[in-house]
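Here are my notes on the model, set out as numbered points. Please read them with the structure open.

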Amino acid sequence: KYVFADFPLEAIHPYAFKAAEAASCAGEQGEFWKMHDHLFANQKALKPEDLSQYAEALGLDKSKFQECLDTQKRAPSIRKIMAQAGDAGVSSTPTLMVGLMQPNSSKVKVLRVLKGAQPFAAVKDALDNALNAPGQ
């Protein structure tokens, strides 16, 4: 499984949280990844007015998107994910946790944590080790 979780670094980037909300609001219309990619491609332009323009450029229902953004509808779920990530030791982005699903459970046993941008070889090594772990 691949799970992506928002962890906007508001202290470093004042528009990061609103950008996370924008991606989540776009996700309500089935376009999370398109918005995500657009936001990452335009990291220096994440003001609220930029977000609305991106929604329009991606063909989203602009009024639904704007209502979602203006009411902060997705903010509580993003804050909850951030708290869970913090509890798991995440303090920076990117952070990649590689682990195994526990039998008969929805819990994951984390085998390795990679913090910061890592070369492909490090990610491959972590995945290979997880796939070759006892019980796999």
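**Notes on the predicted model**

1. Burial and overall form. Of the 136 residues in the protein, 29% are buried. Keep in mind that this is a predicted model. The C-alpha atoms fill a box of roughly 50 × 30 × 25 Å along the principal axes. Among contacts with a separation of 6 or more, 49% are between residues 24 or more positions apart.

2. Secondary structure. The protein has six helices and two strands. Along the sequence they follow the pattern α-α-α-α-α-β-β-α.

3. Helix α3. This helix spans residues 48–57. Its buried residues are Asp 50, Leu 51, Ser 52, Tyr 54 and Ala 55. What covers them? The cover includes α1 (16–27), α2 (32–41) and α4 (62–70). As background for reading such a list, residues three or four places apart in an α-helix point the same way, because the helix has 3.6 residues a turn. After α3 comes Gly 59, with a positive phi near 80°.

4. The largest pocket. It holds about 1,900 Å³ of space. It is lined by 47 residues, and those closest to its centre are Tyr 2, Val 3, Phe 4, Ala 5 and Thr 95. Which element gives the most to the lining? Strand β1 does, with seven residues. At least two lining residues come from each of α1, α2, α5 (75–87), β1 (95–101), β2 (108–115) and α6 (120–131). By class, the lining has 33 nonpolar, twelve polar and two charged residues.

5. Aromatic pairs. The count is three. One of them joins Phe 4 and Trp 33, edge-to-face, at 5.4 Å centre to centre and 70° between the planes. That pair links distant parts of the chain: Phe 4 is in the segment before α1, while Trp 33 is in helix α2, 29 residues apart. Phe 4 is partly exposed, because its relative accessibility is 33%. Trp 33 is also partly exposed, at 42%. Phe 32 and Trp 33 form another edge-to-face pair, with 4.9 Å between centres and 90° between planes. Is Phe 32 buried or exposed? Phe 32 is buried, since its relative accessible area is 19% and the cut-off for buried is under 20%. Ring pairs thus bring Phe 4, Phe 32 and Trp 33 into a cluster. Phe 4 also belongs to the residues closest to the centre of the largest pocket.

6. A charge over a ring. The charged end of Arg 79 sits over the ring of Phe 17. The distance to the ring centre is 3.9 Å.

7. Glu 21. This residue is in helix α1. It is buried, because its relative accessibility is 2%. What is Glu 21 in contact with, leaving aside neighbours within four places in sequence? The contacts are Leu 69, Gln 72, Ala 75 and Ile 78. A reviewer may want to look at this charged residue in its buried setting.

8. Backbone points to check. Most residues other than glycine have a negative phi, and most peptide bonds are trans. Against that background, three sites are worth a look.

   - Thr 93 and Pro 94 are joined by a cis peptide bond, with omega about -10°. Pro 94 lies in the loop between α5 and β1.
   - Gln 72 has a positive phi, near 55°. Gln 72 lies in the loop between α4 and α5. At 45% relative accessibility, Gln 72 is partly exposed. This residue is also one of the contacts of Glu 21.
   - Asn 104 has a positive phi as well, near 55°. The loop between β1 and β2 holds Asn 104. Asn 104 counts as exposed because its relative accessibility is 86%.

Note on methods. Residues are numbered from 1 along each chain as its sequence is written. This is a predicted model: local features need pLDDT of at least 70, side-chain atom pairs count only at pLDDT 80 or more; totals for chains, interfaces and linings use all residues. Side-chain values use heavy atoms; hydrogens and water are left out. Buried means under 20% relative accessible area, exposed over 50%, partly exposed in between (1.4 Å probe, protein chains only). Helices (H or I, at least four residues) and strands (E, at least two) are DSSP runs, numbered from the N terminus. Contact means heavy atoms within 4.5 Å. On a 1 Å grid over the protein atoms alone, a cavity is a set of points where a 1.4 Å probe fits but cannot get out, and a pocket is an open set with protein on both sides within 12 Å along at least five of seven lines; lining residues have an atom within 4 Å of a point. Grid points are joined across faces, edges and corners, and a volume is the space filled by probe spheres set on the points. Rings of Phe, Tyr and Trp (its six-membered ring) pair if their centres lie within 6.5 Å; planes under 30 degrees apart count as stacked, over 60 as edge-to-face and the rest as tilted. A charge sits over a ring if NZ of Lys or CZ of Arg is within 6 Å of the ring centre and within 35 degrees of the ring normal.
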